[in-house]
Amino acid sequence: MWNSLKTMWIIFLHMFHRRVTIEYPDEKPKIPPRWRGRIILSRDPDGEERCVACYLCAAACPVDCIALQATENEHGRRYPEFFRINFSRCIFCGYCEEACPTDAIQLTPDFEMGEYNRKNLVYEKEDLLIDGTGKYPGYNFYRVAGVAIGGKSKGEAEKEAPPVDPRSLLP
Amino acid sequence: MNEWTGIWANLILILAAVFAFSAMLSWIERRLLGLWQDRYGPNRVGPFGVLQIVADSIKLLTKEDWIPPFADRAVFVLAPAIVAVATLLAFAVVPLAPGIGVVDLNIGLLFFLAMSSLGVYSVVLGGWASNNKYSLLGGFRAAAQMLSYEVFMGLALMGVVMLAGSFNLRDIVAAQENLWFCIPQVLGLATFAVAGIAEARRLPFDLPESENELVAGFHTEYSSMKFGLFFIGEYVGITLISAMIVTLFFGGWLGPLLPPLVWFLLKTFIVIACFVLLRAALPRLRYDQLMAYGWKVMLPLTLVNLLITGAVVLSMA
């Protein structure tokens, strides 16, 4: 009995506590930068698509909401012919971002994606692609990778030694 | 002619006021719960959310009114009406202020006890007619709970009757002119409040409903406005019990400065707020605890209270 009265008194004193509710549409919540929200595809500093269509994100996705098709341009750069994320399936786990070897796919702190029509939740590449570099400025996969593309042959990447010619006798 | 218009005006105004207040109570309760749980509660519809009840009633009225095919149709339809009618009838004897009140029965207190006990039929019949295991369990619990709490609910009030020497609620209020009965009858107040909470099926004793064990207890199968009637019945019940606590123990309309009606409403509101505070603070009792508490603690307490009051009244006479 005494305990119950004490509980009631403590609850009564909560009248004078600050309310914890954030009245959302009027008052925006503060969202940490690592929040896993809407997924975007970023570009490298030169403005080219970072995605090399390696399918690792699609393989990592636990709900299979990522679909893409790899293709190559005239310089030998791989890029996705289409890249489609079905956000009505996406669970925002962030595994695609962890799997991505080129920092192309990234999750952002935006969560306001409500739609009246379910089909509008399927985002195509032009919806996903942004103009900037996202969370990782300055990273350009083709400039650091050893793979040869048009305008940059073997050995011309940053911090890459010229290839060793095994037929040469010189050390 | 004049007398009759007065009675009708009283009747209709009190009915409307009780209905309106009970409806508002759902908003008041949610706001108060929010206040005590560090959140807001409904505050979107209208200023401070006061129109929430309008939104809720539109929702309830436009929902599908479904009667399960396995239910006992007649009883199923009748049950929700009983609780609303019985509790509203009990309001007839509550004296709001001098000259305000529907009837002035000389057995007002007994009438109140009878009507508030009728309310349990609604719950039991509703649970039975739903023909559903959860509802039936809820109905069982309601019946057992009412049986054990009804016993000392009446006994708890006998101390008040002894002191006032009358069953008439106006006489009881008048007898508290010098000293409110909450002081000489503190045990009576405590036991009546507990019984009243059980009678209104409010949180520490809401076993018939207990949404986290029995889905929604006796009204699991009810939808639309039939559910709404149960809902309103519950809120009218809370208002009724609070009004009775005020009338019997806190001097009804008596008080300095302010007009009598304002005093009555103010006191009733404070008691209702205490009911909500109980809901915010206390967890539900287990079924056997409920029974043990009723029979082993509360009933002896009321009997002791009765003996002491009797002895004091005898020695004073």
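**Figure 1. The largest nonpolar core of the predicted model.** In this predicted model, the largest nonpolar core holds 81 residues. The members that touch the most other members are A195(B), M244(B), I245(B) and L248(B). Helix α8 of chain B, residues 224-249, supplies the largest share of this core, with 15 residues.

**Figure 2. The surroundings of I245(B).** I245(B) is one of the residues of the largest nonpolar core that touch the most other members. Leaving aside residues up to four places away in sequence, I245(B) touches F192(B), A193(B) and G196(B). On the same basis, F250(B) and V271(B) are also touched by I245(B).

**Figure 3. A second core.** Separate from the largest nonpolar core of 81 residues, a second core comprises 20 residues. Among them are I39(A), L41(A), C65(A) and C90(A).

**Figure 4. The open sheet of chain A.** Three strands of chain A form an open sheet, arranged in the order β2-β3-β5. The pairing in this sheet is antiparallel. Strand β2 (66-72) and strand β5 (122-123) of chain A are the edge strands, each of which pairs on one side only.

**Figure 5. The pairing of β3(A) with β5(A).** Strand β3 of chain A spans residues 78-86. Two bridges join β3(A) to β5(A), and the two strands run in the antiparallel sense. Within this view, N86(A) stands opposite V122(A), a residue of β5(A).

**Figure 6. The helices and strands of chain A.** Chain A contains five helices and five strands. Along the sequence, these elements of chain A follow the pattern α-β-α-β-β-α-β-β-α-α. The radius of gyration of chain A is 25 Å, whereas the globule rule gives 16 Å for 171 residues, so chain A is more spread out than a compact globule. Taken along the principal axes, the box filled by the C-alpha atoms of chain A is roughly 95 × 45 × 25 Å.

**Figure 7. Burial and contacts in chain A.** Of the 171 residues of chain A, 17% count as buried. Among the contacts in chain A that link residues at least 6 apart in sequence, 69% join residues at least 24 apart.

**Figure 8. Confidence in the predicted model.** The average pLDDT of chain B is 84, and 99% of the residues of chain B score at least 70. For the model, the ipTM score is 0.73 and the pTM score is 0.77.

Definitions and conventions
Residues are numbered from 1 along each chain as its sequence is written. Chains are lettered from A and ligands numbered from 1 in the order in which they are written. This is a predicted model: local features need pLDDT of at least 70, side-chain atom pairs count only at pLDDT 80 or more; totals for chains, interfaces and linings use all residues. pLDDT is the predictor's confidence in each residue, from 0 to 100. A nonpolar core is a set of buried Ala, Val, Leu, Ile, Met, Phe, Trp, Tyr and Cys residues joined through C-beta atoms within 7 Å. A residue is buried if 20 or more other C-beta atoms lie within 10 Å of its own, exposed if 12 or fewer, and partly exposed in between; C-beta atoms are placed from the backbone. Helices (H or I, at least four residues) and strands (E, at least two) are DSSP runs, numbered from the N terminus. Two residues are in contact if their C-beta atoms, placed from the backbone, lie within 7 Å. Two strands pair if DSSP finds at least two bridges between them. The radius of gyration is taken over C-alpha atoms; the globule rule is 2.2 Å times the number of residues to the power 0.38.
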